[in-house]
Amino acid sequence: MQWFGKGSGNVDDRRGMSGGAIGGGVGIIIVIIGLLFGRDLTGLVSQLPVQDVVQTEGKTGDPQDAEGKFVDGVLESTNQVWAQQFEAMGKAYEEPRLVLFTGAVQSACGNASAAVGPFYCPGDHKVYIDLSFYQDLKDRFGASGDFAQAYVIAHEVGHHIQNLLGISEKMERARGQLSEKEYNKLSVKLELQADFFAGIWAHHAQNLKDFRLDEGDLEEALNAANAIGDDKLQKQSQGEVVPDAFTHGTSAQRMFWFKKGFESGDINEGDTFNTKQL
């Protein structure tokens, strides 16, 4: 993919700063895995209460390094697409902030290690990512390419969309009312919808004047979605597949919902919670 426009101005660059202790908090929504420690943390959502933490702000603005500029460009493209989508729904869009960090970070959802992967915190409307994650994604799962990286950001922004639409709040209310097995089923639907929203972004970003898809980009995103399915991750980490423990969906499901969003471009087609077949 190519981005020829300006940055978002919404990046909080904390790379190289001390992030505090490893922990977690209510509402942390995780894309993938505990890559750095070789643990499968798919679907980890801590039930600890939200902590009172002192937010350490880094350098705000447009990153100057190539990796930082790239994720900032992806973020800005999601801002433009979702502002248009929300305007069409008669709503105002609130842009999320993106926090770049190294090793560990403080959020309104608590303290988190890079081991949990990129995540979105509904408590502060921020996406968090340690960019070393992309190297692990490439080396351990064969999901390389810039559009695979863009898909990760777009998926997390998809959780932001769910937060703005009140879906995340409904999920949180359901947490204490359902068994772990039943809540996992809802979690799968939440994650697949975020994949769908990532596809919506990719569909409409093609109409932005500063954005261009390159040959093979779609395949990169689908390859990433395929690599991080619950079935594949469980098979790799524990040698067997346990469907009741799925929290993000199978490889086939993740590819299907991203592709559905990409092909339809219609947000109304992404109600994963009420469809009869995922």
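# Close-up views of a predicted model

**Figure 1. Helices H1 and H3 are oblique to each other, because their axes cross at roughly 40° and an angle between 35 and 65 degrees counts as oblique.** The model shown here, as in every view below, is predicted. Helix H1 comprises residues 66–88, and its axis comes within 10 Å of that of H3. The crossing of H1 past H3 is right-handed. On the H1 side, the contact is made by Phe70, Val71, Val74, Leu75, Thr78, Trp82 and Phe86. H3 contributes Asp146, Gln149, Ala150, Ile153, Ala154, Val157, Ile161 and Leu164.

**Figure 2. Val71 is located in helix H1.** Its relative accessible area is 1%, which is under the 20% limit, so Val71 counts as buried. Apart from neighbours within four places in sequence, Val71 is in contact with Leu98, Leu100, Leu131, Tyr134 and Ile153. One of these, Ile153, also belongs to the H3 side of the contact between H1 and H3. Although Val71 and Ala150 are 79 residues apart along the chain, a distance of 7.1 Å separates their C-alpha atoms.

**Figure 3. Helix H3 also packs with helix H6, at an angle of about 55°.** H3 spans residues 146–164 and H6 spans residues 217–227, and their axes are 7 Å apart. The two helices are therefore oblique to each other, and their crossing is right-handed. The residues of H3 that make this contact are Asp146, Phe147, Ala148 and Tyr151. Those of H6 are Asp217, Leu218, Glu220, Ala221, Ala224 and Ala225. Asp146 takes part in the contact with H6 and is also listed in the contact with H1.

**Figure 4. A disulfide joins Cys109 to Cys121, with an S to S distance of 2.0 Å.** The structure holds one disulfide. The torsion about its S-S bond is about 95°, so the disulfide between Cys109 and Cys121 is right-handed. The pair links distant parts of the chain, twelve residues apart. Cys109 lies in the loop between strand S6 (104–107) and strand S7 (110–113), whereas Cys121 belongs to strand S8 (residues 119–121). Both Cys109 and Cys121 are buried.

**Figure 5. His125 occupies the loop between S8 and strand S9 (126–129).** Strand S8 is the element that carries Cys121 of the disulfide. His125 is not a glycine, yet its phi is positive, at about 60°. Most residues other than glycine have a negative phi.

**Figure 6. Over residues 20–55, pLDDT stays under 50.** The model nevertheless has 115 contacts beyond four places in sequence for this segment. Where pLDDT is low, the predicted coordinates should not be read in detail. For the protein as a whole, the mean pLDDT is 82, and 82% of the residues reach 70 or more.

**Figure 7. The setting of the preceding views is a protein of 278 residues with eight helices and ten strands.** Of its residues, 54% count as buried, including Val71 and the two cysteines of the disulfide. Among contacts in the protein with a separation of 6 or more, 77% are accounted for by residues 24 or more positions apart.

Notes. Residues are numbered from 1 along each chain as its sequence is written. This is a predicted model: local features need pLDDT of at least 70, side-chain atom pairs count only at pLDDT 80 or more; totals for chains, interfaces and linings use all residues. Side-chain values use heavy atoms; hydrogens and water are left out. A disulfide is a pair of cysteine sulfur atoms within 2.5 Å. Helices (H or I, at least four residues) and strands (E, at least two) are DSSP runs, numbered from the N terminus. Buried means under 20% relative accessible area, exposed over 50%, partly exposed in between (1.4 Å probe, protein chains only). pLDDT is the predictor's confidence in each residue, from 0 to 100. Contact means heavy atoms within 4.5 Å. Axes are lines fitted to C-alpha atoms, for helices over the stretch in contact, and angles run from 0 to 180 degrees between N-to-C directions. Angles under 35 degrees count as roughly parallel, over 145 as roughly antiparallel, 65 to 115 as roughly perpendicular and the rest as oblique. A crossing is left-handed if the near helix is turned anticlockwise from the far one by less than a right angle, and right-handed if clockwise.
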